[in-house]
Amino acid sequence: MAASKLQALWNHPAGPKTIHFWAPTFKWGISIANIADFAKPPEKISYPQQIAVTATGVIWSRYSTVITPKNWNLFSVNLAMAATGMYQLSRKLRHDYSSEAAVAKE
Amino acid sequence: MGSSFRAFLNSPVGPKTTHFWGPVANWGFVAAGLADMKKPPEMISGNMTAVMCVYSALFMRFAWMVKPRNYLLLACHASNEAVQLCQLSRWAKGNGY
């Protein structure tokens, strides 16, 4: 019984034999790369790149709930992108604007 | 001329649909990559750039296979693939590979 369920999943038109599975699954790599980069110094963060990650994450999170069928896998991966992107942006903004304050005091 | 534009506006992957604006958002990666080409290689994230190279390769295939076929998404990821490979080579050279 379990074997046939697994077989059904395995042979699904959006299953692991297809690009419909691997492309969205690999998209998690973007959030994972971002999390790895949390350890990097804020000077190395790229504003354009993180804005792109955040904007993509926000827009696609919205769209994955309005397509048919709703795609919660796509929703969750894009939510993670938006969250990690926003965190990286906040790190860099805090660094840039608090240093300015420090320089201004001098 | 006007009618082909109208056909685009009403197409199943046109600007009235979600299939359009998602890919438009993804062009942000291309724009960001191009902007970052001017920066020194020390600023490039090897993690993110390598991931982008695989990600865009996969999504080029996805855009081709999805129904309806999404040429805008395909173009976006083809461009991103090029930009990210360029950045990856700049990063690699900057890191002694």
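# A predicted two-chain helical model

In chain B, 68% of the contacts between residues at least 6 apart in sequence join residues at least 24 apart. The model is a predicted one, and the account below takes chain B, then chain A, then the packing of helices within and between the chains.

Chain B contains four helices and zero strands, so that its elements, read along the sequence, follow the pattern α-α-α-α. Its radius of gyration is 16 Å, whereas the globule rule gives 13 Å for 97 residues; chain B is therefore more spread out than a compact globule. Taken along the principal axes, the box filled by its C-alpha atoms is roughly 55 × 25 × 20 Å. Of the 97 residues in chain B, 39% are buried. The chain exposes about 5100 Å², and carbon and sulfur atoms supply 70% of that area.

Two residues of chain B show how parts of the chain distant in sequence meet. Pro68(B) sits in the loop between helix H3 (46-65) and helix H4 (71-94) of chain B. With a relative accessible area of 34%, Pro68(B) is partly exposed, since partly exposed covers the range between under 20% for buried and over 50% for exposed. Apart from residues up to four places away in sequence, Pro68(B) touches Pro12(B) and Val13(B). The C-alpha atoms of Pro68(B) and His19(B) are 9.1 Å apart in space, although 49 residues separate the two in sequence.

Leu72(B) lies in helix H4 of chain B. Leu72(B) too is partly exposed, here with a relative accessible area of 30%. Once neighbours within four places in sequence are set aside, the contacts of Leu72(B) are with Phe20(B), Pro23(B), Val24(B) and Trp27(B). Leu72(B) and Met48(B) are 24 residues apart in sequence, and the distance between their C-alpha atoms is 23 Å. Met48(B) appears again below, in the contact between H3(A) and H3(B).

Chain A has five helices and zero strands. From the N terminus on, its elements run α-α-α-α-α. A compact globule of 106 residues would have a radius of gyration near 13 Å, but the value for chain A is 19 Å. Its C-alpha trace spans about 70 × 25 × 20 Å along the principal axes. Buried residues account for 36% of the 106 in the chain. Among contacts in chain A between residues at least 6 apart in sequence, 66% join residues at least 24 apart. The exposed area of chain A is about 6300 Å², with 70% of it supplied by carbon and sulfur atoms.

Ser61(A) gives a local view of this chain. Its place is in helix H4 (residues 47-64) of chain A. The relative accessible area of Ser61(A) is 7%, so this serine is buried, the limit for that class being under 20%. Leaving out residues up to four places away in sequence, Ser61(A) touches Phe75(A), Asn78(A) and Leu79(A). Ser98(A), by contrast, is 37 residues from Ser61(A) in sequence and 32 Å from it in space, C-alpha to C-alpha.

The remaining topic is helix packing. Two packed helices are described by the angle between their axes and the distance between the axes. Within chain A, helix H2 (residues 19-26) and helix H3 (residues 28-36) pack at an angle of about 15°, and their axes are 4 Å apart. Angles under 35 degrees count as roughly parallel, and H2(A) and H3(A) are therefore roughly parallel to each other. In this contact, Pro24(A), Thr25(A) and Phe26(A) of H2(A) meet Trp28(A), Gly29(A) and Ile30(A) of H3(A). By class, the residues of the contact are four nonpolar, two polar and no charged.

H3(A) also packs against a helix of the other chain. H3(A) and H3(B) have their axes 9 Å apart, at an angle of about 175°. Angles over 145 degrees count as roughly antiparallel, and H3(A) and H3(B) are therefore roughly antiparallel to each other. From H3(A), the contact takes in Gly29(A), Ile30(A), Ala33(A), Asn34(A) and Ala36(A); from H3(B), it takes in Asn47(B), Met48(B), Val51(B), Met52(B) and Tyr55(B). These residues divide into seven nonpolar, three polar and no charged. Gly29(A) and Ile30(A) belong to the contact with H3(B) and also to the contact of H3(A) with H2(A).

Note on methods:
Residues numbered from 1 in each chain as written. Chains lettered and ligands numbered in written order. Predicted model: local features only at pLDDT ≥ 70, side-chain atom pairs only at ≥ 80, totals over all residues. Heavy atoms only, no water. Axes fitted to C-alpha atoms, helices over the stretch in contact; angles between N-to-C directions. Helix = DSSP H or I, 4+ residues; strand = E, 2+ residues; numbered from the N terminus. Parallel < 35°, antiparallel > 145°, perpendicular 65-115°, else oblique. Contact = heavy atoms within 4.5 Å. Nonpolar A, V, L, I, M, F, W, Y, C, P; charged D, E, K, R; others polar. Rg over C-alpha atoms; globule rule 2.2 N^0.38 Å. Buried < 20%, exposed > 50% of the residue type's maximum accessible area, 1.4 Å probe, protein only. Areas by Shrake-Rupley, 256 points an atom, 1.4 Å probe, with all protein chains shown as cover.
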